[in-house]
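Here is a short tour of a protein model. Keep the structure open as you read, and find each part as it is named.

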Amino acid sequence: MPSPLGELIELRTGRSSAQVATLAAALLHLVVDGVELAERTPPTRIPSHGHGIVLAPWPNRVRDARWSHDGVIRQLDITDPSRGNAIHGLLRNTAYRVRERTDAAVTLGAVIHPQHGWPFLLDTRVRYALADDGLTVTHGVRNLGTAPAPWAVGTHPYLRVGAAPVEELTLEVRGGHHLELDERLVPVAVREVEPGSGLDLSTPRALGGLDLNVAYQDVATGPEGAAVLTSPDGTRAVLWQDAPFRWLQVFTPRDFPHVADDASETPALAVALEPMTAAPDALNSGEGLAWLEPAQDWQASWGVRLERNE
């Protein structure tokens, strides 16, 4: 039977494995040195809660699914009906094509064509490269059109650390600002993270006590990591981001379907750590939005690394 996720691509090294789907270029699972670092998506259905999908040409939401360009109001399709917004770009229901492939890496590509509210032509790509200590994900794009085009990208992995219950993991986020959101989850202001507040993750806090759906701004970039998940035994999943990925959305739903070895599913707490190159509603605010000239190419990476106590 064909999978609703399209082609399923297995990546392997001597100590790691991952699975990627061509639908939305989704990361379906990741195991590094025997430790699960991402929740699993069964091949029989589309990713729940957007798990592992690529968010392009914008991450997060566009208020009212509407923005202005060259003095013209552009009306995108409303894909977040409960809040009247457009959410997570234009590729979440698109089948990417395999462009390059080895045992440990794959490059997938998809073209974003002009459509409702989007008069641009972009050639996008994403490369998953597996190593013995983790995964590097590289996003790229080229403007195929004849006019400058806006661009931002994000991704939506739900991470974990081995078999430890998510409630028992601790989370640290290295960022001093967050976006204040309205009832439609659209930013209205940038705020400093108040020390000791419920949004202060500068020191590790247990996930079981957190209820978050917030974007952190100016998070730490570079190999030391923007966020760290730690299990009770000290094993860590470090999420790192290149300089363009200045934002990190943290989302802690309590109805994520965890998949057991027997394929049964149990709704429970999960944590999405979503690297983003732009703020929510960037098509209106311009925060983090890149403008690509015709034929201009853009590229940036993020990744997940396993660390153990010595």
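Two strands count as paired if DSSP finds at least two bridges between them. Keep that rule in mind for the strands below. One caution comes before them: this is a predicted model.

**The nine-stranded sheet**

Start with strand β12, residues 122-131, and strand β13, residues 134-143. Ten bridges join them, and they run antiparallel. One bridge links L122 to its partner N143 in β13.

β13 also pairs with β29. Here there are nine bridges, again with the strands running antiparallel. Look for L135, which stands opposite V304 in β29.

β29 has a further partner, strand β23, residues 236-241. Six bridges hold this antiparallel pair. A237 has L306 in β29 as its bridge partner.

Now put these strands in their setting. They belong to an open sheet of nine strands, in the order β10-β11-β12-β13-β29-β23-β22-β17-β20. The pairing is antiparallel. Where are the edges of this sheet? They are at β10 and β20 (205-206). Each has a single partner strand, so one side of each is left without a neighbour in the sheet.

Is β29 mostly covered or mostly open? Strand β29 spans residues 297-307 and is mostly covered. Eight of its eleven residues are buried. Buried here means under 20% relative accessible area.

One general point helps when you look at any strand. In a regular strand the side chains alternate between the two faces of the sheet.

**The four-stranded sheet**

Another open sheet has four strands, in the order β1-β2-β3-β4. Its pairing is antiparallel. β1 and β4 are the edge strands, and each pairs on one side only.

Within this sheet, β1 pairs with strand β2, residues 16-21. The two are antiparallel and share five bridges. L11 has A18 in β2 as its bridge partner.

**Salt bridges**

How many salt bridges does the structure hold? There are 16. Three of them are set out here.

| Pair | Closest N to O distance |
|---|---|
| R101 and E7 | 3.0 Å |
| R40 and E36 | 2.8 Å |
| E39 and R160 | 3.0 Å |

Take R101 and E7, whose side chains meet in a salt bridge. R101 lies in strand β10 (residues 97-101), while E7 sits in the segment before β1 (8-12). The pair therefore ties together parts that are 94 residues apart in sequence. Each end is partly exposed: R101 has a relative accessible area of 45%, and E7 has 39% relative accessibility.

Next come E39 and R160, also joined by a salt bridge. E39 lies in the loop between β4 (35-36) and β5 (54-55). R160 lies in the loop between β16 (158-159) and β17 (170-173). These parts are 121 residues apart in sequence, so the pair ties distant stretches of the numbering together. Are the ends buried or exposed? E39 is buried at 4% relative accessibility, and R160 is buried at 11%.

R40 forms its salt bridge with E36. R40 is partly exposed, at 33% relative accessibility.

Some residues form a network instead. R15, D33 and R308 are linked by salt bridges in this way.

**Pockets**

Rolling a probe the size of a water molecule over the atoms shows where empty space is left.

The largest pocket has a volume of about 500 Å³. Its lining has 25 residues. Which of them lie nearest its centre? They are E36, R40, V259, A260 and D261. E36 and R40 are also the salt-bridge pair described above.

Two elements give two or more residues to this lining: β3 (27-32) and β25 (256-259). The largest share, three residues, comes from β25. By class, the lining holds 14 nonpolar, five polar and six charged residues.

The second largest pocket holds about 280 Å³ of space. It is lined by 16 residues. R61, I87, H88, H156 and F251 lie nearest its centre. Its lining divides into four nonpolar, seven polar and five charged residues.

Terms used
Residues numbered from 1 in each chain as written. Predicted model: local features only at pLDDT ≥ 70, side-chain atom pairs only at ≥ 80, totals over all residues. Heavy atoms only, no water. Salt bridge = Lys/Arg side-chain N within 4 Å of Asp/Glu carboxyl O. Buried < 20%, exposed > 50% of the residue type's maximum accessible area, 1.4 Å probe, protein only. 1 Å grid on protein atoms, 1.4 Å probe; cavity = no way out; pocket = protein on both sides within 12 Å on 5 of 7 lines; lining within 4 Å. Points joined across faces, edges and corners; volume = space filled by probe spheres on them. Nonpolar A, V, L, I, M, F, W, Y, C, P; charged D, E, K, R; others polar.
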